[in-house]
Amino acid sequence: MKLIIDNLSKTYGNGVKALQNVSLEIPKGMFGLLGPNGAGKSTLMRTIATLQDADSGHILLDDLNIAANKHTIRKCLGYLPQQFGVYPKMSAEVLLNHFAVLKGITQKGERKDIVEALLHKTNLYDARKQNLGGYSGGMKQRFGIAQALLNNPTLLIVDEPTAGLDPKERNRFYNLLSEIAENTIVIFSTHIVEDIKELCNNMAIINKGEVVLRGKPLELIEGL
Ligand code: ADP
Ligand code: ADP
């Protein structure tokens with residue numbers, strides 16, 4: 001299981017070079033993408049998530065070109081965007097069931113089992129009947145992870161998931177991601193160095209669309 005990003009470039013219509021010859025190899029486990037606002041993290045993640053196309057270069061998931069196989073890739077991909085909106089007047093249980101139907105889990109018994117397991121996994125089972133509008137930031141993010149895991153993805157992409165979480169909620173979230181990364185490629189972006197130190201097996205630092213460093217956090221982060 002491996003994601004290969006090869007020489008990816010993207011320039012927006014306004015001339016902003018969001019990605020410039022980005023190349024990365026991302027194995028199973030937790031991969032952290034560190035960079036300041038505007039570095040190109042979201043652009044890279046949306047491109048991996050097949051939601052936008054690069055101008056040049058390519059991305060392979062286990063030898064499958066993602067841009068040429070979007071339909072197949074989406075079946076094994078989970079994505080939690082930076083601004084993940086929920087319907088505040090719905091309960092987690094009801095909304096997760098809706099998402100499950102949208103993802104093609106139409107068999108009722110199977111859906112019930114999957115939804116229940118994910119509510120347990122994300123520690124939301126006891127709060128499953130509560131409206132999402134009353135959830136804390138950390139609970140909302142865990143709900144976002146639950147919906148991203150509905151199709152049991154091999155690749156999970158999470159964009160700035162810890163922004164706005166307090167230390168306790170961040171820790172809880174770290175534990176959840178670590179568990180998922182035991183058998184999944186998890187890529188997450190952050191501008192918080194601590195996130196990377198705590199969590200990642202591998203990392204890259206991106207700035208102005210370019211990869212400036214890549215490697216193991218323990219080797220790289222001393223100097224940060
Ligand atoms: P981030 O917090 O990841 O930097 P942004 O605030 O840059 O995200 O972008 C939020 C949304 O606005 C994204 O969907 C992005 O594509 C869009 N966007 C960002 N910058 C521009 C821009 N200069 N022109 C048009 N759309 C933009
Ligand atoms: P990050 O996620 O690291 O904050 P982004 O990928 O959101 O970075 O943005 C990288 C650069 O591209 C920024 O300068 C941003 O303003 C610009 N950008 C992002 N989305 C768009 C868009 N849709 N149109 C034009 N410029 C964009």
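**Group meeting: a buried isoleucine, the whole chain, and ligand 1**

Isoleucine 59 is buried, with a relative accessible area of 3%. I begin with this residue, and I should say at once that the structure before you is a predicted model.

Where does isoleucine 59 sit in the secondary structure? It belongs to strand β4, which runs over residues 56–61. The term "buried" is used here for a relative accessible area under 20%, so the 3% computed for isoleucine 59 qualifies.

Which residues does isoleucine 59 touch, once those up to four places away in sequence are set aside? The list begins with Leu3, Ile4, Ile5 and Leu8, continues with Thr47 and Ile48, and ends with Leu64, Asn65 and Ile66. Methionine 30 offers another reference point: it is 29 residues from isoleucine 59 along the chain, and the two C-alpha atoms are separated by 18 Å.

Let me now turn to the protein chain as a whole. Its secondary structure consists of eight helices and ten strands. The radius of gyration is 17 Å, close to the 17 Å that the globule rule gives for 224 residues, so the chain is as compact as a globular protein of that length. Along the principal axes, the C-alpha atoms occupy a box of roughly 45 × 40 × 35 Å.

How much of the chain is buried? Of the 224 residues, 47% fall into that class; isoleucine 59, as we saw, is one of the buried residues. The surface that the protein chain exposes comes to about 11,000 Å², and carbon and sulfur atoms supply 48% of it.

The contacts within the chain can also be described by sequence separation. Taking those between residues at least 6 apart in sequence, 67% join residues at least 24 apart.

I come finally to ligand 1. Which residues surround it? They are Asn14, Ser42, Arg46 and Gln82. Sorted by class, this shell holds three polar residues and one charged residue, with no nonpolar residue.

Three side chains place a polar atom beside an oxygen atom of the ligand. For serine 42, an N or O atom of the side chain is 2.7 Å from an oxygen atom of ligand 1. For glutamine 82, the distance from a polar side-chain atom to a ligand oxygen is 2.9 Å. For arginine 46, the corresponding value is 3.3 Å. As for cover, ligand 1 taken alone exposes 550 Å², of which the protein buries 32%.

Thank you for your attention.

Technical notes:
Residues numbered from 1 in each chain as written. Chains lettered and ligands numbered in written order. Predicted model: local features only at pLDDT ≥ 70, side-chain atom pairs only at ≥ 80, totals over all residues. Heavy atoms only, no water. Near = heavy atom within 4 Å. Polar contact = N/O pair within 3.5 Å; in protein donor to acceptor, adjacent residues only side chain to side chain. Areas by Shrake-Rupley, 256 points an atom, 1.4 Å probe, with all protein chains shown as cover. Nonpolar A, V, L, I, M, F, W, Y, C, P; charged D, E, K, R; others polar. Helix = DSSP H or I, 4+ residues; strand = E, 2+ residues; numbered from the N terminus. Rg over C-alpha atoms; globule rule 2.2 N^0.38 Å. Buried < 20%, exposed > 50% of the residue type's maximum accessible area, 1.4 Å probe, protein only. Contact = heavy atoms within 4.5 Å.
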